[in-house]
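Open the model in your viewer and keep the selection tool at hand. The tour goes from the whole chain to one helix, and then to a group of rings.

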Amino acid sequence: MLKDVEDELQRKVKSTRSRQGEQRNPEVELEHQQCLALFNRIKFTRLLLTALIAFTKKETSSVTEAQKLVAQAADLLPPIHSSIQYGIQSQNDTTKGDHPIMMGFEPLVNQRLLPPTFPRYAKIIKREDMVAYFSRLIERIKTVCDVVNTTNLHGILDFFCEFSEQSPCVLSRSLLQVCHCYSLLMFSH
């Protein structure tokens with residue numbers, strides 16, 4: 001479904017782009033920039049999710065496929081960062097803490113799902129921080145994919161130790177474990 005949305009946005013981007021020698025209407029230019037920004041975000045999401053799905057496949061070539069998809073996703077981060085200003089802007093509400101409030105997002109939505117304890121707030125990070133987070137996540141995933149190049153058990157254990165020293169997130173550690181299984185399969189053959 002993301003691919004269908006991506007294709008539709010790509011058609012919209014092509015229909016709103018400037019032609020050579022054409023005088024640009026500022027509204028059409030803004031629409032083009034907004035469509036391009038949305039297209040980049042949808043494509044990034046599709047590539048990242050497809051890369052994560054590739055890790056679930058049993059073939060050893062799936063790690064190579066994931067590496068290619070993650071590299072393509074990484075190429076979209078600079079255009080995403082440069083188009084941050086086109087999205088809706090948050091409103092700071094000091095009565096609910098210092099985190100920004102976004103239309104359509106309720107910070108206390110998870111309250112009913114958690115055991116009764118102190119209030120927990122879902123904090124929305126700033127957009128620049130989001131791009132930086134995804135950049136670090138992609139770098140960790142690229143590092144995780146390198147474990148399949150390790151040829152012996154001691155090398156794999158050293159890889160795990162070095163990776164753990166970087167304080168990786170749960171997702172990247174889980175992917176390392178999946179790649180570790182592929183490494184052991186290749187090592188055993």
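Which pattern does the protein follow when read along the sequence? Colour the chain by secondary structure and trace it from the start: the pattern is α-α-α-β-β-α-α-α. That gives six helices and two strands. Bear in mind that this is a predicted model.

Stay with the whole protein for a moment. Of its 189 residues, 31% count as buried. Among contacts with a separation of 6 or more, 62% are between residues 24 or more positions apart.

**Select residues 26-54**

This is helix α2, with 29 residues. From its first C-alpha to its last it reaches 42 Å, close to the 42 Å expected at 1.5 Å a residue. Now show its side chains. The buried residues of α2 include Phe-39, Ile-42, Phe-44, Leu-47 and Leu-48. In an α-helix, residues three or four places apart point the same way, because there are 3.6 residues a turn.

**Add residues 127-145**

This stretch is helix α4. How do the axes of α2 and α4 lie to each other? They come within 13 Å and cross at roughly 30 degrees. An angle under 35 degrees counts as roughly parallel, so α2 is roughly parallel to α4. The crossing of α2 past α4 is left-handed. To see what makes the contact, select Phe-44, Leu-48 and Leu-52 on α2, and Phe-134, Ile-138 and Ile-141 on α4.

**Keep the rings**

Hide the other side chains and look for aromatic pairs; the structure holds two. One of them is Phe-44 with Phe-134, with ring centres 5.2 Å apart and 75 degrees between the planes, an edge-to-face arrangement. This pair links distant parts of the chain, as Phe-44 sits in α2 and Phe-134 in α4, 90 residues apart.

Is Phe-44 buried or exposed? Its relative accessibility is 6%, so Phe-44 counts as buried. Phe-134 has a relative accessible area of 21% and is partly exposed; the cut-off for buried is under 20%.

Next, add Tyr-133. Its ring and that of Phe-134 have centres 5.7 Å apart and planes at 65 degrees, so this pair is edge-to-face too. Tyr-133 has 32% relative accessibility and therefore counts as partly exposed.

Finally, show the three rings together: Phe-44, Tyr-133 and Phe-134 form one aromatic cluster.

Terms used. Residues are numbered from 1 along each chain as its sequence is written. This is a predicted model: local features need pLDDT of at least 70, side-chain atom pairs count only at pLDDT 80 or more; totals for chains, interfaces and linings use all residues. Side-chain values use heavy atoms; hydrogens and water are left out. Helices (H or I, at least four residues) and strands (E, at least two) are DSSP runs, numbered from the N terminus. The expected span of a helix is 1.5 Å times one less than its number of residues. Buried means under 20% relative accessible area, exposed over 50%, partly exposed in between (1.4 Å probe, protein chains only). Rings of Phe, Tyr and Trp (its six-membered ring) pair if their centres lie within 6.5 Å; planes under 30 degrees apart count as stacked, over 60 as edge-to-face and the rest as tilted. Axes are lines fitted to C-alpha atoms, for helices over the stretch in contact, and angles run from 0 to 180 degrees between N-to-C directions. Angles under 35 degrees count as roughly parallel, over 145 as roughly antiparallel, 65 to 115 as roughly perpendicular and the rest as oblique. A crossing is left-handed if the near helix is turned anticlockwise from the far one by less than a right angle, and right-handed if clockwise. Contact means heavy atoms within 4.5 Å.
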